[in-house]
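Here is a short report for a reader meeting this structure for the first time. Keep the model in view while reading.

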Amino acid sequence: MRHPEPLATQLRGVELLSELALELRASWDHSTDDVWRRIDPELWELTRNPWVVLQSASETKLKELAADTSFRRRVEDLVLARRAYESSPAWFQREHHHGPLSGVAYFSMEFGLSEALPIYSGGLGNVAGDQLKAASDLGVPMVGVGLLYQQGYFRQAIDAHGQQIEMYPYNSPIYLPISPVRDSAGELVRIEFAFPGYKLWVRAWQAKVGRVRLYLLDSNDPANPPAMRGITSELYGGGPELRLQQELVLGIGGWRLLKRLGLKPEVCHLNEGHAAFAVIERAHDFMDMTGQPFEAALAVTRAGNLFTTHTPVAAGFDRFDPDLIRIYLGGRATSVLRISLHDLLALGRLDPADDREPFNMAYLAMRGSAAVNGVSRLHGEVSRRIFAPLFPRWPISEVPIGHVTNGVHTPSWDSVYADRLWTDTAGPERWLDRMESTGESIRKVSDELLWGLRTANRRELVTFTRERLSRLIAASGGSEEEVTVAGNVFDPNALTLGFARRFATYKRPALLLHDPERLARILNNPRYPVQLAIAGKAHPADGAGKALIHQWIEFVRRPDIRPHAVFLADYDLQLAEHLVQGVDVWINNPRRPWEASGTSGMKVLVNGGLNLSELDGWWAEAYAPEVGWAIGDGLEHGDDPAWDAAEAEQLYRCLEQEVVPMFYERDSQGLPRAWIAKMRESMARLTPQFSANRTVREYTEKYYLPAAVAYRKREGDAGAVGVQIRNWQRMLVSHWSRLRLGDLRVETEGDQHVISLQVYLDEIDPDSVRVELFVQGSNGDRPQLIPMLRDQPLVGAVNGFNYVARVPASRPASDYTPRLVPYHSDARVPMEANEILWQR
């Protein structure tokens, strides 16, 4: 006779289930899926939210499962495996354990981690979520800081007239995989703000992302006035004042939360300028600790701040009216930071003397950070042009902005079949280290296996599309016949194209519709059938984007198109997962250079999908004929309609003459050998390169570790180095206008030019500047900088010197242009001192 398990054992089983359910690693490690499916298979398939499944389960069901020894052991094994994952040394511990970095705080307005936690809108959130996941896998000591939105971003439906409808379901914390943050005494953590006329209380929640914690701030506290409870109500909603309130809560509140929790990260990573107020609060925190003035504190703390810009046009930066800044920060500037409102506003202005200029959050992030990066090689170039006005007279190539190309968290986007194939060929821990040989393993896979992967993925997408489209049409009032037709769309053997993204004019989502009849002929080819899956949302205030959606809806509802093209409403992480796993070709055609990076096309790589894309963002550095197809000429043409027409023609011609024929060119076994060769090369070459694993390792080694070293040096001795830098900056500002470059002399001696220059330094210490020769690079190379050495003092001059350099005579002497720039051994120039003087 079987004896019931003791009650304590049963309760222990429920506690372990709670531990698993609150772990967002389930969004990429699917080992627990069978547990949630066992509890409630229907709810699990609908929500993919373990916490909802657990919270919705009856007491009877949970007791029944807890009494099941095999089920309980399965849960215990999973918990032990999760704990072992968290405690075991990863890449960072193996390679940088004794380094200077103990913590990174990653601030972002949105995080796309799982459909179970809908606090994201699109690309920015996807990047943030994928980087937290990769940091967990790699063991990088990171915490995330964001906002908990009561409604998040809107959910989309399409009505009978083909118009987008926005809905805002409430995000009840009860059903989200988060828990309240408590202090060491067990008290709920709340952060206090002094807003104009009232006190604002902000609650704190935490989400567990493997080894990483994500902290989320929430204004929906009962102690707040009703209007203030709604500050964190909606992502990218409301007007400028609500946006400012949200960014104050994120930046200032986020840093205060870290302090309250006893966290002291050396590095603060700003994922876009929304969180830039964190640099002010971090400086204030250092003021409190050391008694240093704001300027010196900012000089210390900015060494540990990194700003990642995702914006390809200057108009995309958040700007606030100076009066709003005065209302919310004017008193704080004078009483807490002990600086004038003018000086505070200057941090966010191009021209501090222009009282009408708005406060630019990207400028604040620049002036509060020691390093800045774009999110692709091309975007780095674009960003240097955008921020060039902050560095007048400096060459564009020396505007201090680098790049780290985005990548995707591959385990979050691979299909069951792709995971199986990669595991068999590259091992179960292939995404957890440097991946030197990961891609090479795919080159050894047979054509049959690769094509089997593609066929299985496509079949799953067809099944998913039929089910989802049938539900959407039925929900929108479609007829029984329309629902039946929807249940039979697509052919699991037909070439499947995908296009899914935010519907904005610069992304040109209607480029494929430039000639609707030509597209119809491509889709309706009886010999070489093609099918197209489309998805995407337009911002509620973007009328042009909504019109583009309506244009597509009208097209896919045509009787001749309906079997071959679908618009899948409510584009979210779950839908994106199915699309990137199932399509054969991902199409992307933004207007160059407005796609800062783009990551949707990266997600198809691991699944054997190919890209047909504009030479913009990541594809500008990834494209080669062996891995996919490209449109465009690599140049910028603005919004010229004639160029749009020309690129539409390129797109149609590429599909008709290259993509479709290659897909259907089969050998005697029915295998498209040329297509599979492209698949193999794309998977092997691009999947590791454009993974978040590589991205986070690059951030760590290129930015986080150097920033930690610099910050630790500056914070020592109560910020003495920061004081030195502040004094050096003041000296430069006071005297730079009186510096002068005098006579230039050139003598040629054999194979060398001897160049000498008279320099008058007013009262500036000669060791605080550097005289150098600027030589323009040839054949696209970067400019060369050759130091000039200080020689004899000039007779009769006060603080005047002769500077000399010997350079190769292989170039004309006129190619060498002298200039004078600031120099400090611990400062970054021109980031922290943008003065420059050229020889006329």
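## Strand β27 and its partners

In this predicted model, strand β27 spans residues 816–822. The strand is mostly covered, with six of its seven residues buried.

β27 pairs with strand β23, which covers residues 769–775. The two run antiparallel, and seven bridges join them. One contact point to look for is R770, whose bridge partner in β27 is V821. β27 also pairs with strand β28, residues 837–838. That pairing is antiparallel too, over two bridges. Here L820 stands opposite L837 of β28. In a regular strand, side chains alternate between the two faces of the sheet.

## Helix α16

Helix α16 runs from residue 377 to residue 386. Like β27, the helix is described as mostly covered. Seven of its ten residues are buried. They are L378, H379, G380, V382, S383, R384 and I386. The list includes the charged residue R384.

What do the buried residues of α16 pack against? They meet two strands and a helix: β13 (371–374), β14 (402–403) and α25 (619–622).

## E647 in helix α26

Helix α26 spans residues 641–664, and E647 is found in it. Is E647 buried or exposed? E647 counts as buried because its relative accessibility is 1%, and the cut-off for buried is under 20%.

Which residues does E647 touch, leaving aside those up to four places away in sequence? The contacts are R508, L511, E614, I631, G632 and D633.

## Cysteines

How many disulfides does a search of the whole structure find? The count is zero. Two cysteines can be placed by their accessibility. C268 counts as buried, at 1% relative accessibility. C654 counts as buried as well, at 5%.

## Two cis peptide bonds

Now to the backbone. The peptide bond from R592 to P593 is cis. Its omega is near 5 degrees. P593 lies in a loop, with β18 (585–588) on one side and β19 (610–614) on the other.

The peptide bond from V829 to P830 is also cis, with omega near 10 degrees. P830 sits in the loop between β27 and β28. These are the strands that pair over two bridges, so this loop links back to the opening section.

## Two positive phi angles

M435 is not a glycine, yet its phi is positive, near 65 degrees. Where is M435? It lies in the loop between α18 (416–426) and α19 (438–442). M435 is buried, because its relative accessible area is 8% and buried means under 20%.

D762 is not a glycine either, and its phi is positive at about 50 degrees. D762 is found in the loop between β22 (752–760) and β23. That second strand is the one joined to β27 by seven bridges. Why does D762 count as partly exposed? Its relative accessibility is 22%, and partly exposed covers values between the 20% limit for buried and the 50% limit for exposed.

Conventions:
Residues numbered from 1 in each chain as written. Predicted model: local features only at pLDDT ≥ 70, side-chain atom pairs only at ≥ 80, totals over all residues. Heavy atoms only, no water. Buried < 20%, exposed > 50% of the residue type's maximum accessible area, 1.4 Å probe, protein only. Helix = DSSP H or I, 4+ residues; strand = E, 2+ residues; numbered from the N terminus. Contact = heavy atoms within 4.5 Å. Disulfide = S-S within 2.5 Å.
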